[in-house]
Amino acid sequence: MKDQREEKVIKEVLGIEHAISPSDIFAKQFGKASFGGYNRKDVDDFLETIADTLEELIVQVRMLKDKNEDLRKQLSEYKEVEHALRGALVSTQNMGDSMVESARREANVILQEAKLTRAQAHMEATKVP
């Protein structure tokens, strides 16, 4: 059961139909040659299959490493943009707070000037000639 699961995973990861799994390597039976030993063609064919599978794995690992590196760079760039945006947001908030405070002070000055003008007008009106 475990061997079947491994084979399925290998086929899914590689995207090739005839992927070879570790269980294939251990279970491989070679035909006997007429003078004893293994049939050289069977062994060579099997080794070629293994080499092709490993070559495909190496290519895919390289591609994934490159893609991973690209994604890391992209993430770093996004983090820099996020940092800049946060800084801009804080600056904007501070500027907004400063503008509100400035407007309050200006409004207070205008109010005080109006009170003074009213008091002066009241004094002028109540002044005896």
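Trainee: Why is Arg86 called exposed?

Mentor: In this predicted model, Arg86 has a relative accessible area of 53%, and because the word exposed is kept for values over 50%, Arg86 qualifies as exposed.

Trainee: What makes Glu82 partly exposed?

Mentor: The relative accessible area of Glu82 is 37%, and since buried requires a value under 20% and exposed one over 50%, with partly exposed in between, Glu82 is placed in the middle class.

Trainee: How do you know that the side chains of Arg86 and Glu82 meet in a salt bridge?

Mentor: The test asks for a side-chain nitrogen of Lys or Arg within 4 Å of a carboxyl oxygen of Asp or Glu; between Arg86 and Glu82 the N to O distance is 3.0 Å, so the pair satisfies the rule. Both residues lie in helix H3, four residues apart, which is about one turn of the helix.

Trainee: Why can side chains of opposite charge pair at all?

Mentor: They can do so when their charged atoms come close.

Trainee: What makes the contact of Lys41 with Asp45 a salt bridge?

Mentor: The closest N and O atoms of Lys41 and Asp45 are 2.8 Å apart, and because the limit is 4 Å, the pair counts as a salt bridge. As for their placement, Lys41 and Asp45 are four residues apart in helix H3, which spans residues 40-126, so that about one helical turn separates them.

Trainee: Are Lys41 and Asp45 buried, partly exposed or exposed?

Mentor: Lys41, with a relative accessible area of 53%, is exposed because its value is over 50%, whereas Asp45, at 34% relative accessibility, falls between the two cut-offs and therefore counts as partly exposed.

Trainee: Why does Arg105 with Glu101 count as a salt bridge?

Mentor: The closest N and O atoms of Arg105 and Glu101 are 3.9 Å apart, and since the rule accepts atoms within 4 Å, this pair is also a salt bridge. Arg105 and Glu101 are four residues apart in helix H3, and so about one helical turn lies between them. Glu101 itself is partly exposed, because its relative accessibility of 36% is neither under 20% nor over 50%.

Trainee: How many salt bridges does the rule give, and what does the chain's secondary structure come to?

Mentor: The count is three salt bridges, and the chain has three helices and zero strands, which gives the pattern α-α-α when read along the sequence. Buried residues make up 9% of the 129 residues in the chain.

Conventions: Residues are numbered from 1 along each chain as its sequence is written. This is a predicted model: local features need pLDDT of at least 70, side-chain atom pairs count only at pLDDT 80 or more; totals for chains, interfaces and linings use all residues. Side-chain values use heavy atoms; hydrogens and water are left out. Helices (H or I, at least four residues) and strands (E, at least two) are DSSP runs, numbered from the N terminus. Buried means under 20% relative accessible area, exposed over 50%, partly exposed in between (1.4 Å probe, protein chains only).
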